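The following exercises concern the sheet, the helices and the aromatic pairs of one structure. Each task is followed by a worked solution.

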Amino acid sequence: MEVPHPQSHYPATLISGDGVGPEIVDAVLEVLDAVRAPFSWDRQVAGMAAMQAHRDPLPPVTLDSIRHTRLALKGPLTTPVGGGYRSANVALRQTFDLYANVRPSRTLIPGGRYESIDLVLVRENTEGFYVGFEHFVPIGGDPHAVAIGAGVNTRAGSRRIAEFAFNYALRNGRRKITIVHKANILKALTGVFLETVREVGKAYEDRIEIEDRIVDACAMQLVLNPGQFDLILTTNMFGDILSDEIAGLVGGLGMAPGANIGREAAIFEAVHGSAPDIAGKGIANPVALLLAACMMLDHIDHHSSARRIRVAVGKVLGEDKVWTRDLGGVAATKDITRAIVARLRD
Ligand code: NAD
C-alpha cells in the first residue's frame, strides 16, 4: 500500500493481543506519545482476548476497523496448539491478503557473536504449507492414523512477492537478494517459486545481485557467516523458521519486528508470540513491537520519528545498557521504556 504524502493524522487499529501483548503495547504507546506520532487509535480485540469477549478470535468489528483504517499495530495473539480455533494471525493475513511479510534484523547490542548484522527477510505470507489444507485419515480405531497436509504456491503469488521484494530492495538500498527454496526435493511446490522469482529478477539483475540457496544450507550459513546475506526472499514456512533464526543472531525474539503488507492494508507486529511464560510479570522486552511501530511510521512516511526512536533504542541498548532479562539484563519493561523516553528527550 503506497501512501503518497505524510499527513498529520492517521486513524489506525490497535490490537493489544494476548499474554505480554498489553504490557508491550502500553510501553510502545508511551514512546510513540513522546515523538507525537500521528496515529489516532481505534482499539479492538483479537485472539484469546476476543474469544473471551466475543466467542470469536477475529470478531467482525475488528475486521471492519482494519478495513476502514487500513493500518494496524498488533500485539501477539495466542493460538491453541493442536486443536481449538485456527490462528487469528494467519486468518488476518488471508482476510486482508497481506502477501508480504517483511522482517528486518540489525545488531543493536554490541559484544554479541556478530557485530554488524543488517539483513531483511521477505516472506510470502499467504501460500505454501500454511494454507491449512490438512486432514487425518482414520485407520482402525485410530482417528489420527495418517496425517496429510498439502502446500499451495502459485505463479501469480510468487510473482507478486518477487516484485515486492525487488522493489523493496531498490527503495531501501539493498544490494543482493538470496532466493531460498527446497526445489531439489519439493520440485513443484518450491520449484515454481524459484522459477518465477528468477524470471521476475531478470528485469532487476543490472541493479541487484541475485543468487539462490537451498533452505537447509541457508540455515547453516546464517549461523556461520550471516554477513554474506542482505535480503532473503522465501516461501511462507521457510520464512517463518528462518526469521526466528535470524532474530537469534541479534539478541532473540525480543528484538525482531515484522510488517504484513498487502494492497489494501498493512499490519505491524513483533515476530514473537504472546510469551505466556512471562506474561503479567512486567519483564517483557518491548523493543520488537517498538521497532514494528517504527516500520509503521516509515510506512506512512514519518521517517524522522522512526529514525529518532531507532537512535534512542540504539543508545539505550548500546550505551546505557538497559537490558531486559531476555537480553541478559535485569530491567523491567517499565525501566527500558522510561530509558527510551528519556533518550528521546535528550
Ligand atoms: P513466544 O514467541 O511467545 O515465546 C518464545 C520464548 O521467547 C519464550 O520463552 C518467551 O518468554 C520469549 N519471549 C517472546 N517474546 C518476548 C519478549 N518480548 N520479551 C522477552 N521474552 C520474550 O513463542 P511460543 O511460546 O511458541 O508461543 C506462545 C503463543 O504465541 C502461542 O499461542 C503461539 O501460537 C503464539 N504466537 C503468536 C504470534 C503472533 O501473534 N504473531 C507469533 C508467534 C507465536
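**Exercise 1.** In this predicted model, identify the bridge partner of isoleucine 261 in E12, and place E12 among its neighbours.

*Solution.* Step 1: isoleucine 261 has alanine 266 of E12 as its bridge partner. Step 2: strands E11 and E12 run antiparallel and are joined by five bridges; a hairpin of four residues connects E11 to E12. Step 3: alanine 266 is also the bridge partner of leucine 71. Strands E3 and E12 run parallel, with four bridges between them.

**Exercise 2.** Determine which residues of E12 are buried on each side of the strand.

*Solution.* Step 1: in a regular strand, side chains alternate between the two faces of the sheet. Step 2: Ala266, Phe268 and Ala270 lie on one side, Ile267 and Glu269 on the other, and all are buried. Step 3: five of the five residues of E12 are thus counted as buried, and the strand is mostly covered.

**Exercise 3.** State the strand order of the sheet and describe its edges.

*Solution.* Step 1: the sheet is open and has 10 strands, in the order E2-E1-E3-E12-E11-E4-E5-E10-E8-E9, with mixed pairing. Step 2: strand E2 (39–44) and strand E9 (209–214) are the edge strands, each pairing on one side only. Step 3: direction ignored, neighbouring strands are turned by 25° against each other on average. Step 4: at the E9 edge, strand E8 (residues 176–181) pairs with E9 in the parallel sense over six bridges, and histidine 181 stands opposite isoleucine 214 in E9.

**Exercise 4.** Describe how H1 and H4 are placed on the strands, and how H1 packs with H11.

*Solution.* Step 1: helix H1 (residues 21–34) packs on the sheet and touches strand E1 (10–15), E2 and strand E3 (71–74); its direction makes about 165° with that of E2. Step 2: helix H4 (residues 88–95) lies across E3, strand E4 (100–106), strand E5 (118–124), strand E11 (257–261) and E12, and runs at about 155° to E12. Step 3: two packed helices are described by the angle between their axes and the distance between the axes. Step 4: for H1 and helix H11 (residues 333–345), the angle is about 10° and the axes are 9 Å apart. Angles under 35 degrees count as roughly parallel, and H1 and H11 are therefore roughly parallel to each other. Step 5: Glu23, Ala27, Glu30, Val31 and Ala34 of H1 meet Thr333, Thr337, Ile340, Val341 and Leu344 of H11.

**Exercise 5.** Classify the ring pairs phenylalanine 39 with tryptophan 41 and phenylalanine 166 with tyrosine 204.

*Solution.* Step 1: the structure holds four aromatic pairs. Step 2: the rings of phenylalanine 39 and tryptophan 41 have centres 5.1 Å apart and planes at 40°, so this pair is tilted. Phenylalanine 39 is buried at 10% relative accessibility, whereas tryptophan 41 is partly exposed at 26%. Step 3: the rings of phenylalanine 166 and tyrosine 204 have centres 4.7 Å apart and planes at 15°, so this pair is stacked. Phenylalanine 166 belongs to helix H5 (residues 155–171) and tyrosine 204 to the loop between helix H6 (189–201) and E9; the two are 38 residues apart, and the pair links distant parts of the chain. Step 4: phenylalanine 166 is buried at 0% relative accessibility, and tyrosine 204 is buried at 11%.

Technical notes
Residues are numbered from 1 along each chain as its sequence is written. This is a predicted model: local features need pLDDT of at least 70, side-chain atom pairs count only at pLDDT 80 or more; totals for chains, interfaces and linings use all residues. Side-chain values use heavy atoms; hydrogens and water are left out. Two strands pair if DSSP finds at least two bridges between them. Axes are lines fitted to C-alpha atoms, for helices over the stretch in contact, and angles run from 0 to 180 degrees between N-to-C directions. Contact means heavy atoms within 4.5 Å. Rings of Phe, Tyr and Trp (its six-membered ring) pair if their centres lie within 6.5 Å; planes under 30 degrees apart count as stacked, over 60 as edge-to-face and the rest as tilted. Buried means under 20% relative accessible area, exposed over 50%, partly exposed in between (1.4 Å probe, protein chains only). Angles under 35 degrees count as roughly parallel, over 145 as roughly antiparallel, 65 to 115 as roughly perpendicular and the rest as oblique.
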